[in-house]
Amino acid sequence: MKENEKGTGEAGGIYNRIAVLRAERGVSRQELADAVGVNYQTIGFLERGDYGPSLKLAFQIAEYFALPLEAVFATKPFTPLSEQVYGKGGGQ
Amino acid sequence: MIVEGKRPLGFSLNGRSRRRGYVVVVLAFCAILCGAFLKHLARHGVEDFDGTMLFVTLSGITAMVGGVRADGPVKYFGRPRTALFPLQTGLRTLFGKQEKESTRGEIDLDEREQHERDREHYRAYVVVRRFALLLFAAYVALGWLHVRWFDRIGPFAVFLLVLMLWVLPQMLILWNEPDVEEQL
């Protein structure tokens, strides 16, 4: 699952890991959307970086995944998890 | 922003090209109406003018594209509807009738949709403002030139302005709504 690397335009430079977290925990867009009270399409917009969430929505999403806000949202692109675990080059 | 499963005039609105096609159909309908209106004004003048048909058609166009109190393809924008008069609410409470919670309204729009709604309304406002300015300039200029032409099409210009105010935001939403290939 590709992390949001856009973070520009509508999202206003906000990057997130929603797609990765959802895939990791087997949560559908609809489930997450119902939990935070938005349309499931809005989750898609967030994941693609086409929309920057309000502070309230950002906190709700972070709470849903039981993670601190900075683990889900950032103002700089996230390092891919594979790179964090295996380092650059993917452990070759 | 688009209400799913709506098929206005039998049109499926799944897909941007279909939505744009629908907007074109509505615009063509508006153009035909405007043409008929202008023809009527040219033949009979302002004096012999009855606005009933215009009112009915305006309501029809509003219903085709959605918006306030019309079951169109665009989500309802307003706040949840309450009783028309405070007295009505009071009587309902008195006779033990529960206020039915509206399923339409602000609660149906999440923050992104509200953001989109506001953005398209602003775009529509800019277009209408320019159009109104243009009309005003034409009115003033023709007045200076002592041309009475504007008096004759004045009602048409006002109608066009009202039409734009009523349906432009919804049309812009239908036109700009992106395709979302979402798997749930």
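This report walks through a predicted model of two protein chains, A and B.

## The two chains

Start with the secondary structure. Chain A has 6 helices and 2 strands. Along its sequence they come in the order β-α-α-α-α-α-β-α. Chain B has 5 helices and 0 strands. Its pattern reads α-α-α-α-α.

The table sets out some totals for each chain.

| Chain | Residues | Buried share | Exposed area | Share of that area from carbon and sulfur |
|---|---|---|---|---|
| Chain A | 92 residues | 43% | about 5000 Å² | 52% |
| Chain B | 184 residues | 37% | about 11800 Å² | 64% |

Now look at contacts that link separate parts of a chain. Take those in chain A between residues at least 6 apart in sequence: 58% of them join residues at least 24 apart. For chain B, with the same starting set of at least 6 apart, 74% join residues at least 24 apart.

## Helix packing in chain A

Two packed helices are described by the angle between their axes and the distance between the axes. Keep both values in mind for the pairs below.

Begin with helix H2 of chain A, residues 29-36, and helix H4 of chain A, residues 55-64. Their axes come within 10 Å and cross at roughly 120 degrees. H2(A) is therefore oblique to H4(A). The crossing of H2(A) and H4(A) is right-handed. Which residues make the contact? H2(A) supplies A:Glu31, A:Leu32, A:Ala35 and A:Val36. H4(A) supplies A:Leu57, A:Gln60, A:Ile61 and A:Tyr64. Sorted by type, the residues of this contact are 6 nonpolar, 1 polar and 1 charged.

H2(A) also packs with H3(A): their axes come within 8 Å and cross at roughly 105 degrees. That angle makes H2(A) roughly perpendicular to H3(A). On the H2(A) side, the residues are A:Arg29, A:Gln30, A:Leu32, A:Ala33 and A:Val36. They meet A:Tyr40, A:Ile43, A:Gly44 and A:Glu47 of H3(A). This contact of H2(A) with H3(A) has 5 nonpolar, 2 polar and 2 charged residues.

A:Leu32 and A:Val36 are worth finding in the structure. Both take part in the contact with H4(A), and both also meet H3(A).

## Places to look in chain A

Helix H1 of chain A covers residues 18-25. Its buried residues are A:Ile18, A:Ala19, A:Val20, A:Leu21 and A:Arg22. A:Gly26 follows H1(A). Its phi is positive, near 65 degrees.

Next, find A:Thr42 in helix H3 of chain A, residues 40-48. Is A:Thr42 buried or exposed? Its relative accessible area is 0%, so A:Thr42 is buried. What does A:Thr42 touch, leaving aside residues up to four places away in sequence? The answer is A:Tyr51, B:Asp110 and B:Arg112. The last two belong to chain B.

A:Ala66 shows another backbone feature. Most residues other than glycine have a negative phi, and most peptide bonds are trans. The phi of A:Ala66 is near 55 degrees, a positive value in a residue other than glycine. A:Ala66 sits in the loop between H4 and helix H5 (69-72) of chain A. With a relative accessible area of 66%, A:Ala66 is exposed.

## Helix packing in chain B

Helix H1 of chain B spans residues 16-44, and helix H2 of chain B spans residues 52-65. These helices pack at an angle of about 175 degrees, with their axes 11 Å apart. So H1(B) is roughly antiparallel to H2(B). H1(B) contributes B:Tyr22, B:Val26, B:Phe29, B:Cys30, B:Leu33 and B:Phe37 to the contact. H2(B) contributes B:Leu54, B:Thr57, B:Ile61, B:Met64 and B:Val65. How do these residues divide by type? The contact of H1(B) with H2(B) has 10 nonpolar, 1 polar and no charged residues.

One residue remains to visit. B:Ala157 lies in helix H5 of chain B, residues 149-176. Its relative accessible area is 7%, so B:Ala157 is buried. B:Ala157 and B:Leu38 are 119 residues apart along the chain. Their C-alpha atoms are separated by 9.9 Å.

Notes:
Residues are numbered from 1 along each chain as its sequence is written. Chains are lettered from A and ligands numbered from 1 in the order in which they are written. This is a predicted model: local features need pLDDT of at least 70, side-chain atom pairs count only at pLDDT 80 or more; totals for chains, interfaces and linings use all residues. Side-chain values use heavy atoms; hydrogens and water are left out. Axes are lines fitted to C-alpha atoms, for helices over the stretch in contact, and angles run from 0 to 180 degrees between N-to-C directions. Helices (H or I, at least four residues) and strands (E, at least two) are DSSP runs, numbered from the N terminus. Angles under 35 degrees count as roughly parallel, over 145 as roughly antiparallel, 65 to 115 as roughly perpendicular and the rest as oblique. A crossing is left-handed if the near helix is turned anticlockwise from the far one by less than a right angle, and right-handed if clockwise. Contact means heavy atoms within 4.5 Å. Ala, Val, Leu, Ile, Met, Phe, Trp, Tyr, Cys and Pro count as nonpolar, Asp, Glu, Lys and Arg as charged, and the others, Gly among them, as polar. Buried means under 20% relative accessible area, exposed over 50%, partly exposed in between (1.4 Å probe, protein chains only). Accessible areas come from the Shrake-Rupley method with a 1.4 Å probe; for residues, only the protein chains shown count as cover.
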